[in-house]
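Student: Could you take me through this structure? I am new to it and would like to ask a few short questions.
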Amino acid sequence: MLNDSLEYCPHCHTNLQGDAIPEEQQKSYNATHFTRKIVMTTVAADRILYWQCPDCDGKWSIK
């Protein structure tokens, strides 16, 4: 069984855990829930640059 994928924004501490992933698909995602955090990237970078909170617009490093 996969661990709960609960996570919080480091700025406003809101819960970033999204909707539950259907149980039969959880292994493909390696998670129990989708995430609400926003991936910030550019075409030129072709990688994740940082995360952003959908509630407070706070930004933080991917590491």
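Tutor: The conversation below goes through confidence, a surface patch and some backbone angles.

Student: What average pLDDT does the protein have?
Tutor: This is a predicted model. The protein averages a pLDDT of 92, and 95% of the residues score at least 70.

Student: And which elements have the lowest and the highest mean pLDDT?
Tutor: Helix H1 has the lowest mean, at 92, and strand S5, residues 59-60, has the highest, at 98.

Student: Let us turn to the surface. Which residues make the nonpolar patch?
Tutor: Val39, Ile48 and Ile62 make a nonpolar surface patch of about 210 Å².

Student: Where does valine 39 lie?
Tutor: Valine 39 is part of strand S3, which covers residues 38-41.

Student: Why does valine 39 count as partly exposed?
Tutor: Its relative accessibility is 41%, and partly exposed covers values between 20% and 50%, so valine 39 falls in that class.

Student: Now the backbone. What is the phi of asparagine 30?
Tutor: Asparagine 30 has a positive phi of about 55°, although it is not a glycine. The residue sits in the loop between helix H1 (26-29) and strand S2 (33-35).

Student: Is asparagine 30 buried or exposed?
Tutor: Asparagine 30 is exposed, because its relative accessible area of 59% is over 50%.

Student: What about the phi of aspartate 46, and where is that residue?
Tutor: Aspartate 46 also is a residue other than glycine with a positive phi, near 55°. Aspartate 46 is found in the loop between S3 and strand S4 (48-52), and it is exposed, with a relative accessible area of 68%.

Terms used
Residues are numbered from 1 along each chain as its sequence is written. This is a predicted model: local features need pLDDT of at least 70, side-chain atom pairs count only at pLDDT 80 or more; totals for chains, interfaces and linings use all residues. Side-chain values use heavy atoms; hydrogens and water are left out. Patches are made of residues with over 30% relative accessible area and no salt bridge: like charges are joined within 9 Å, nonpolar side chains (Val, Leu, Ile, Met, Phe, Trp, Tyr) within 5 Å. Accessible areas come from the Shrake-Rupley method with a 1.4 Å probe; for residues, only the protein chains shown count as cover. A salt bridge is a side-chain nitrogen of Lys or Arg within 4 Å of a carboxyl oxygen of Asp or Glu. Helices (H or I, at least four residues) and strands (E, at least two) are DSSP runs, numbered from the N terminus. Buried means under 20% relative accessible area, exposed over 50%, partly exposed in between (1.4 Å probe, protein chains only). pLDDT is the predictor's confidence in each residue, from 0 to 100.
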